[in-house]
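Reader: I have just opened this one and would like some help finding my way around. Could you walk me through it step by step?

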Amino acid sequence: MSADRAALDEALELGEEEGGSVEFKERLSREVHLASGRMESLAAQLRHRVLSGEGEATYVVGVTDDGGIAGISTDAFSESLDVLSLLAEEAGAHIEDVDTWGVGEEGAETGLVGVATVREGAMLETDDEHIVV
């Protein structure tokens with residue numbers, strides 16, 4: 001887990017804005033967020049966030065829509081990132097980096113919160129001069 005919470009604090013300070021590149025999600029589940037019609041809508045939202053951020057979006061997982069730190073279980077966090085990865089792929093993007101922090105009472109971690117950087121393009125891209133293996 002990341003010790004420096006600067007990325008989280010910055011994302012929370014920026015907040016979710018219409019036309020902005022930051023999106024808050026308390027959690028994402030396969031059952032709800034990959035359901036017919038919902039996946040396409042969320043993929044379009046992700047694409048919009050990436051385009052608004054000139055090729056990069058920030059997804060903050062484990063926070064409420066108003067930016068309150070909720071924290072979610074390790075299993076829910078893992079599922080949320082799996083779903084986010086599928087949404088990113090559907091939108092022609094990928095998760096490049098994830099920073100996570102434990103939240104809760106001092107000495108008793110009750111959940112996770114994380115900041116995922118989503119970038120435009122497939123995870124493995126090639127160009128005329130370089131081949132990624």
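Reader: Where should I start, and how covered is strand β2?
Author: Strand β2, residues 56-61, is mostly covered, with 5 of its 6 residues buried, where buried means under 20% relative accessible area, exposed over 50% and partly exposed in between, using a 1.4 Å probe and protein chains only. Helices (H or I, at least four residues) and strands (E, at least two) are DSSP runs, numbered from the N terminus. Please keep in mind that this is a predicted model, in which local features need pLDDT of at least 70 and side-chain atom pairs count only at pLDDT 80 or more, while totals for chains, interfaces and linings use all residues. Residues are numbered from 1 along each chain as its sequence is written, and side-chain values use heavy atoms, with hydrogens and water left out.

Reader: Which way do β1 and β2 run?
Author: Strand β1, residues 22-25, runs parallel to β2 and is joined to it by 4 bridges; two strands pair if DSSP finds at least two bridges between them. Across from Tyr59 in β2 stands Glu23.

Reader: Switching to helices, which residues of α3 are buried?
Author: Met39, Leu42, Ala43, Leu46, Arg49 and Val50 are the buried residues of α3. They sit on the same side of α3 because they cover an arc of only 120° around the axis, the arc being that of the directions from the helix axis to the C-beta atoms.

Reader: And how do α3 and α4 cross?
Author: The axes of α3 and helix α4, residues 74-90, come within 8 Å and cross at roughly 75°, so α3 is roughly perpendicular to α4. Axes are lines fitted to C-alpha atoms, for helices over the stretch in contact, and angles run from 0 to 180 degrees between N-to-C directions; under 35 degrees counts as roughly parallel, over 145 as roughly antiparallel, 65 to 115 as roughly perpendicular and the rest as oblique.

Reader: Which residues make that contact?
Author: On the α3 side they are Met39, Leu42, Ala43 and Leu46, and on the α4 side Leu84, Leu86, Leu87, Ala88 and Glu90, with contact meaning heavy atoms within 4.5 Å.

Reader: Is His33 buried or exposed?
Author: His33, which lies in helix α2, residues 30-33, counts as buried because its relative accessibility is 12%.

Reader: What does His33 touch?
Author: Not counting residues up to four places away in sequence, His33 touches Arg27, Leu28, Arg38, Met39, Leu42, Val83 and Leu87. His33 and Val83 are 50 residues apart in sequence, yet 7.5 Å apart in space, C-alpha to C-alpha.
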